[in-house]
Amino acid sequence: MLKRITGGIVAAVMLTASLGTVGYPDAVQNASAADNPNYAEALQKGLFFYECQQAGPLPEWNRVEWRADSTMIDEIQGGWYDAGDHVKFNLPMAFTASMMAWGLYQYPDGLEKCGELDTYVNNLEFVMDYLKACDLGDEIVFQVGNGTMDHTWWGPVEMYEYGMKDQGNSYEASRAILKSSDGCSAVFGGMAAALAAGYCALDGRVDDAKREGYLASAENMFKLADASKSDAVYNDSNASGFYRSSHFYDELFYSSNWLYIATGDKAYLDKAASYIPNLDKELGQDVLKYTWAHCWDDTMQGAMLLYAINSKEANYINHVEKHLKYWLNDVAELPGGLRWNTTWGCLRYPLNTGFLAAVASDTILADKDTAAYEEFYKEQIDYVLGNNPLNLSYMVGYGEKYPLNPHHRTAHGSWKNDLAIPEKNRHILYGALAGGPNQDGSYEDDRQNYINNEVADDYNAGLTALLCKMVDEYGGKTDPNFPEKETHDGPEIFVEALAKDNTSGGVTLSLKITNHTAWPARVVDNISYRYYMDLSEMIEAGHSASDLVVRVDRDQAAMYSGEGIKPVEISKPIQYDGNIYYIEVTYPDGRVALPISEGRHQCELMLALVYPNYGNGWDANNDFSNEGLLDAEDPIVTKNIPIYIDGKLYYGTEPDGTTANGDADITPSPEPPTTEPPTTEPLTTEPPTTEPDVKPENLYGDVDCNGVVDILDIIVLNKNLLGVGELTDEGKMNADVDRSGKPDAGDSLSIMKFLVKLIDKLPVK
């Protein structure tokens, strides 16, 4: 059963290159993979991936520097986000957790020897706690979050609340829980299996009372799953568009076997036997299905292995071996040895089967020649870790050549709700297993290629479990320096500036405070920036700094007053040293700029600095903050308009050379400048009544933001008022020509009057 992605902006993005392209793009790191995989390092990084997926309040042991607490309104906190999205789908999550538990249960010694046991237990306990919390007694929560709403926005999960609201969605509705008491046999059974397996695996490793809680919930979930024997409720829910269940007897079979192992109660083994007649058969044959694979939607083969172990019955042992021989002999084999059975997320299936082969070889087939099975599972995992014709590790961050752009929102770190921006992922999603190659062995490292490059919890399930076996058998060494601190791709907060008008009467500046935070993405309050200027020509002409007219032509932050966001604060000229002064612009509330969309990642202030009495004599060329600015045709990021956070220099350079690189690492000034006490009285943001020496009509009325006020602006505005088409934030500001706080029909009429010369200027107030 393939995962189906639906709805919204993200789903509308099509693959941009042929999936059949043979070879490998330059975007992937270029070096050879090791011939002998270091299984311990792979396991170490694989566990890190689960920490990247953690939802809710992060535990103290979480090592991911670019993650923070998220979706804190969830009624059931914790658990894992499913893939690159931000929904907690319990059916694939439970499958993944059961496989993780099975790996520890079957092969604990290798984990202890390589030093990863504590980290493994921490991650397993984290997901078990979530699954346990989903047990409400008479009802079970089987999903947290609305997948359809979730897929309308592409951004880091720490910004989820704001991203949903920016898309017109209710944050609360987007995090709704789905629960039921019946009609969910597959997901309830899967959750029961996971909790029972966790109970077994964590014996002696977590508090016994907690383990007993896992088992009690497993038994309750199994009881509800068995009572209704139906998926009608589940498959009629929001889950259906993403992880629809094909059948449920396999999960009942799987969970009853685990409950038998956990309790020793033969009633559970009898239950397991009672389900066998209802399991899938080969098409047109009265033979239990031995083809396909153990996976999130079909746990029959894994359950059959457990039943063979539990019952020791020869015909079921033979079934397990029949399934393994099918994979060895009948599934297509790619150069390098990978067995390839389907397109989407192709690597998960041979890895899941490889783990079953390892367990079977060590248990029910231990008295037979299992060399072929051992070669099979080693060949599958070695291919994944780089022993393939492309010399490519499909585990992100492992080896010297691996995918750089997996399909994952938070790892990508877009600030524009755009899969293509930035071009490269900002974070390394260590340990994530990419979907895998095409049937011809080719692969494309493209974020928009869901077939090759999506990641998901269940993709890593068999990989994690099989790595437990590999470290047990082959050992390996973990990386003592992992994870290394990431290098930032630039300052996370900066000003993008443009001089829109520069005359002898003054200068008009577009100053956009920009939030590109990603370590982690976050709201940053109390940001300020300083525009430094040399007022020598004005002072020498007999004026004082206080005579300078500082006028606000546009304050984008004012648009958000309805959200309770505090207004911008703009100082009067403050002396820095001699005739060098600065204007300080402060945003007490960081919500004015959020890394969530084109319209919200920046907040613009149009600031006009006008010569006293609107005369002549202004010279912007000697102003420190104008270096490189006056000749620019497009907005530029300038260090000469430095950023401060909580009053401390964060990024940029002051006139005396004091600098910070974006990590608030300040180089002290050689000697402090002489200053007068600053004037802290904020300026009004209302324009002056005196006729300005600028042309505001070039801004107001320009609804389509093309730099010209014409009939098209009226058409765009009227269509918006009729509910057709969205205006950008800049367009909304330009359209509000009567300054009422929002565009309306009166603004459309005023723009028309302006165009036919009935009024001579905009804005009208």
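**Close-up views of a predicted model**

**View 1. Strand β8 pairs with β12.** Eight bridges join strand β8 to strand β12 (residues 580-587), and the two run antiparallel. The model shown here is predicted. Look for Ser528 in β8: its bridge partner in β12 is Thr586.

**View 2. Strand β8 also pairs with β15.** Three bridges link β8 to strand β15 (residues 643-645). This pair is antiparallel. Find Ser528 again. Its bridge partner in β15 is Tyr644.

**View 3. Strand β8 is covered on both faces.** The strand spans residues 527-534, and eight of its eight residues are buried. One side carries Ile527, Tyr529, Tyr531 and Met533. The other side carries Ser528, Arg530, Tyr532 and Asp534. Buried here means under 20% relative accessible area.

**View 4. Five strands form an open sheet.** The order is β9-β13-β7-β6-β14, with antiparallel pairing. Strands β9 (549-555) and β14 (636-637) stand at the edges. Each edge strand has a single partner, so one of its sides is left without a neighbour in the sheet.

**View 5. Strands β6 and β7 pair inside this sheet order.** Ten bridges join β6 (residues 493-503) to β7 (residues 506-515). They run antiparallel. Thr503 has Gly506 in β7 as its bridge partner.

**View 6. Helix α5 is largely enclosed by the rest of the structure.** Why? Twelve of its 17 residues are buried. Among them are Leu117, Tyr120, Leu124, Phe126 and Leu131. Polar names appear too, including Asn123 and Glu125. The helix covers residues 117-133. At 1.5 Å a residue it should span 24 Å, and its end C-alpha atoms are 24 Å apart, which agrees.

Terms used
Residues numbered from 1 in each chain as written. Predicted model: local features only at pLDDT ≥ 70, side-chain atom pairs only at ≥ 80, totals over all residues. Heavy atoms only, no water. Buried < 20%, exposed > 50% of the residue type's maximum accessible area, 1.4 Å probe, protein only. Helix = DSSP H or I, 4+ residues; strand = E, 2+ residues; numbered from the N terminus. Pairing = 2+ DSSP bridges. Expected span 1.5 Å × (residues − 1).
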